[in-house]
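Biologist: I'd like a close look at just one part of this model, taken slowly. Start with the metal site, then tell me what empty space there is elsewhere.

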Amino acid sequence: MINYTEKIPNNVDLGRDRVLQRALEHWQPAYMGWWYDMGPNESHNFDVYLRTAVSVEPDGWAQFDYVKMPEYRWGIFLQPRDEKRLVNFGVHKGDPAWQEVPGEYRSTLRRVIVTQGDTEPASVEQQRMLGFSCPSMYDLRNIFQVNVEEGRHLWAMVYLLHRYFGRDGREEAEALLARRSGDADNPRILGAFNEPTPDWLAFYMFTFFTDRDGKFQLCALAESGFDPLARTCRFMLTEEAHHMFVGETGVGRIIQRTCEVMKENKVEDPSDVRALGVIDLQTIQKYLNFHYSVTLDLYGSDVSSNAANYYTSGLKGRFRETKLDDDHVLSEAQYPVFEVAGGRIAARDVPALTALNERLRDDYIDEIADGVGRWQRVIDNAGIPFRLTLPHKGFHRAIGNFAGHFISPAGEVLSEEAWKKHEFEWMPSPKDHAYVQSLMTGRVVEPGKFANWIAPPLRGINNKPLDFEYVRFN
Ligand SMILES: [Fe+2]
Ligand SMILES: [Fe+2]
């Protein structure tokens, strides 16, 4: 028997909800089994200085302390309810927000929740071996923080399935623990979540690019007319911010270290840079190209009747829906999408309703471009003449209008043969991967010490010093 209020911090009155308790009695042990199998490898006995969500108060929502990860208190939190909240877009615009699942949208909503939920354990699985090669104790603590919070995000989606979807919800919740990232027979639902995350550069790129896709999906779902989904996603966003911080500063610190070494030693050629044990900027650009392009695919087809249906039904809104100044119905509006026609890329206006995936992708790209600009400043400040660029959004795409086409990072339409000739100038080659892997030699665990290929961060976690003992290995 679980002591609910103690073990599972929550603001959903779990202590009195018998239906939810019964569902969790079955699921929670299965979740623990999954964590022991697929959570960070050989870490179960470590004491990790972690943040735990304990309330929804803006200034007191998180608690920091040493925790063994299997004893992490994965909780269930929803942003407090606003009694006056309405459905803010689509054909039901102006109705009170739904507190129960509307019968006609039941299976669609369940699919939306399952698809989001599936990404959470997937990323834990993708990252499970990285603890062996962490560049510092600070970074090790950060990856563990991301992992336990992705675990909590799974709980958040499972709460919705258990509480609102009855028996099929319970079955879906089980299935979320059964799929495995990269498994041939039972893979995770979305492509980017089946790619390996083999090294720390890939991890930081993943948290910068792919966790940010998570942010944009959560933002769109936080607008949902189904109020419990909106409130759940709203709270998840508070944790997501740290994941993207880990990614942006992680890549930034690698760039900074590379630039320092290049300047000190007056070298520019990638092989000279590598000889000094840091990651050349060319390889960083290739990783960027890869993670950016596979993440763009997560937004789905440029023109999508599903996306139109989600919107019209009031289930999934646009990024910052209620801040946008239009009719929130989109029956007349147009939006440009890009496609390959006659050997080149051309824009075509389509009904905005059908282009909502593309629009969310464009909102995402704007934010990505800002982050890449901040990385560029690190290079500029070092006085190194190298430009990081975002490839054209048609580059290396497997879903949507560009799938099956061979687009260069500059946006030229090429033949397959011509594209393949340049593939490893644009994407990490097996040799590039092997080089980065060669730097991942064992964990750096002395407090305050950092691997040669990455600069220390500006400050520690929760005002602790950089040489704080963020992880005790016991
Ligand atoms: Fe997440
Ligand atoms: Fe995340």
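Modeller: Let's begin with Glu120, which counts as buried because its relative accessibility is 3%. Keep in mind that this is a predicted model. Glu120 is one of the residues that coordinate the iron ion (ligand 1), through OE; the others are Glu150, again through OE, and His153, through ND1, with distances of 2.1 to 2.2 Å. Laid out along the sequence, these donors follow the spacing E-x29-E-x2-H. Glu120 sits in helix H3 and His153 in helix H4, 33 residues apart, and this pair links distant parts of the chain. His153 is buried too, at 0% relative accessibility, and Glu150 has a relative accessible area of 3%, which makes it buried as well.

Glu150 is the residue to keep an eye on. It bridges the iron ion (ligand 2) and the iron ion (ligand 1), and the two ions lie 3.4 Å apart. Where does Glu150 sit, and what does it tie together with Asp211? Glu150 belongs to helix H4 (residues 137-164) and Asp211 to helix H6 (residues 200-221), so this pair joins parts that are 61 residues apart in sequence. Asp211 has a relative accessibility of 5%, so it is counted as buried.

Now the iron ion (ligand 2) itself. Its protein donors are Glu150 (OE), Asp211 (OD), Glu240 (OE) and His243 (ND1), and they lie 1.9 to 2.2 Å from the ion. Why is the site of this ion called irregular? The angles among its four donor atoms run from 89 to 175 degrees, and a tetrahedral label would need all angles to lie between 85 and 135 degrees. Water is not among the atoms, so a site like this may look incomplete. In sequence, the donors of the iron ion (ligand 2) are spaced E-x60-D-x28-E-x2-H.

On to the empty space, beginning with the open pockets. The largest pocket has a volume of about 820 Å³. Its lining is made of 39 residues, and Thr115, Leu190, Gln217, Leu298 and Tyr299 are the closest to its centre. Helix H3 (106-126), H6, H10 and H11 are the elements that give two or more residues to that lining. You have met two of these already: H3 holds Glu120 and H6 holds Asp211. By class, the lining has 15 nonpolar, 14 polar and 10 charged residues.

The second largest pocket comes in at about 380 Å³. It has 18 lining residues, with Phe245, Thr249, Arg253, Pro457 and Leu458 lying nearest its centre. Helix H7 (227-265) and H11 each give two or more residues to this lining, and H7 gives the most, with six residues. The class split here is eight nonpolar, six polar and four charged.

Then there are the enclosed spaces. How many cavities of 30 Å³ or more are there? The count comes to three. The largest cavity has a volume of about 110 Å³, and its lining includes Ala220, Tyr310, Tyr311, Arg318, Phe319 and Leu360. Helix H10 (305-312) and helix H11 (356-381) each supply at least two of the lining residues. H11 gives the most, with four residues. Sorted by class, the lining has seven nonpolar, two polar and three charged residues.

The second largest cavity, at about 50 Å³, takes us back to the helix that carries Asp211. H6 and helix H9 (281-296) each supply at least two residues of its lining, although H9 gives the most, with three residues. Among the lining residues are Gln126, Glu195, Phe206, Thr210, Phe290, His291 and Val294. Five residues of this lining are nonpolar, four polar and one charged.

To come back to where we started: the two iron ions are 3.4 Å apart and Glu150 coordinates both, while Glu120 counts as buried at 3% relative accessibility.

Definitions and conventions
Residues numbered from 1 in each chain as written. Chains lettered and ligands numbered in written order. Predicted model: local features only at pLDDT ≥ 70, side-chain atom pairs only at ≥ 80, totals over all residues. Heavy atoms only, no water. Donors = N, O, S within 2.8 Å, 3.2 Å for Na, K, Ca; no water. Tetrahedral: all angles 85-135°; square planar, octahedral: opposite > 155°, others 65-115°. Buried < 20%, exposed > 50% of the residue type's maximum accessible area, 1.4 Å probe, protein only. 1 Å grid on protein atoms, 1.4 Å probe; cavity = no way out; pocket = protein on both sides within 12 Å on 5 of 7 lines; lining within 4 Å. Points joined across faces, edges and corners; volume = space filled by probe spheres on them. Nonpolar A, V, L, I, M, F, W, Y, C, P; charged D, E, K, R; others polar.
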